[in-house]
Amino acid sequence: MRIIIAKDYKEMGKKAANMIASQIILKPESVVGFATGETPVGMYKELVNLYKLGSLETGKITTFNLDEYYGLSQDNPQSYAYYMHENLFKHIHIESSRIHLPDGMSTDIEIECARYEEKIYKAGGIDLQVLGIGRNGHIGFNEPDVKFEARTHMVELDQDTIAANARFFPSMKEVPKQAISMGIKTIMGARKILLLAAGIEKASAIYDAIYGKITPELPASILQLHPDVTMILEEKAASLL
Ligand code: GLP
């Protein structure tokens, strides 16, 4: 595991964007797994800057997002599809057929999850998967006590996650209670993983993910077993290391 400490949020975003740019420049047809949340917003900004400078072409990449809220349509401003469009896809050249997120409006979840896994498989697997981390150590929406062997599946969100994500919604009761998320097995199948964390509230989860017991109680702890993980941590998130 490589651990890079960035002096602030901006530097974390720059370093992460550089790593993604390098992946895309060295393999233009890369399959990139993207994450949402507040943490990677700066990274997307920096990536868009690199794109606008003409430093990279994005027309051949294929993307898969980690997760989507259940019951939110793509045009709902709180959906992850909307977030990705606003933060990245509307700024770069990429055909919509190359962009994939779980369909939060699907009526047959099992089929939707199997379809998502098949698409990742057919694309050749994920070259680089970006992750954030929840305060409880979740990755994607794989909450504590997830089955490590699960692939894309429907999850019930923890109260802590619902409370943490309420800041993006008009009120707590509008935060969906369920989501469709890549499973731990899907994430662990990525050839490279890039995890970002910022803020003191992530420090304990980061410490446990790196030094703690490998346990479903802290889903990110499984990353200790992945052969190619880079963590780019803003100083406060790294303060317990
Ligand atoms: C959500 C997302 C995760 C993300 C986490 C942390 O639960 N599903 O992918 O890592 O929030 O979000 P933030 O970066 O806003 O702290």
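**Ligand shell, helices α3 and α4, and annotated positions**

The shell around the ligand is made up, by class, of four nonpolar, eight polar and two charged residues. In this predicted model, 14 residues surround the ligand, and those that come nearest are Gly-37, Glu-38, Thr-39, Gly-132 and Phe-141. Residues 12-224 are covered by the UniProt annotation "domain: Glucosamine/galactosamine-6-phosphate isomerase", which is taken from an unreviewed entry. Over this span, helix accounts for 33% and strand for 15%, and the C-alpha atoms at the two ends of the span are 21 Å apart.

Helix α4 comprises the 14 residues 109-122, and the distance from its first C-alpha to its last is 20 Å, close to the 20 Å expected at 1.5 Å a residue. Four residues of this helix, Glu-112, Cys-113, Tyr-116 and Ile-120, are buried. Because these residues cover an arc of only 100 degrees around the axis, they fall on the same side of α4. The packing partners of the buried residues of α4 are the strands β3 (62-65), β7 (153-156) and β8 (178-181), together with helix α6 (184-188). Turned away from this buried side is a face that carries the exposed residues Glu-110, Ile-111, Glu-118, Tyr-121 and Lys-122. Just after α4, Gly-124 adopts a positive phi of about 100 degrees.

In helix α3, the buried residues are Tyr-80, Ala-81, Tyr-83 and Met-84. These residues lie on the same side of α3, because the arc that they cover around the axis is only 160 degrees. The elements that cover the buried residues of α3 include β2 (31-34), β3 and β4; strand β3 is also among the elements against which the buried residues of α4 pack.

The loop between β4 (67-69) and α3 (80-87) contains Leu-72. This residue has 19 other C-beta atoms within 10 Å and is therefore classed as partly exposed, since burial requires 20 or more such atoms. When residues up to four places away in sequence are not counted, Leu-72 touches Gln-78, Ser-79, Gly-104 and Pro-176. Between Leu-72 and Val-146, which are 74 residues apart in sequence, the C-alpha to C-alpha distance is 23 Å.

Under "active site", the unreviewed UniProt entry lists Asp-67, Asn-136, His-138 and Glu-143. Of these annotated positions, Asp-67 is located in strand β4, and Asp-67 counts as buried because 22 C-beta neighbours lie inside 10 Å. Not counting residues up to four places away in sequence, Asp-67 touches Tyr-80, Pro-102, Gly-140, Phe-141, Ala-179, Ile-180, Ser-181 and Met-182. Among these contacts of Asp-67, Tyr-80 is one of the buried residues of α3, whereas Phe-141 is one of the residues that come nearest to the ligand.

A second annotated position, His-138, is found in the loop between β6 (128-131) and β7. His-138 is buried, because 25 other C-beta atoms lie within 10 Å. Apart from neighbours within four places in sequence, the contacts of His-138 are Glu-143, Pro-144, Thr-161 and Pro-219. One of these contacts, Glu-143, is itself listed under "active site" in the unreviewed UniProt entry.

Conventions:
Residues numbered from 1 in each chain as written. Predicted model: local features only at pLDDT ≥ 70, side-chain atom pairs only at ≥ 80, totals over all residues. Near = placed C-beta within 6 Å. Nonpolar A, V, L, I, M, F, W, Y, C, P; charged D, E, K, R; others polar. UniProt positions renumbered as here; feature names shortened; annotations may be inferred. Expected span 1.5 Å × (residues − 1). Buried ≥ 20, exposed ≤ 12 C-beta atoms within 10 Å, placed from the backbone. Arc of directions from axis to C-beta. Contact = placed C-beta atoms within 7 Å.
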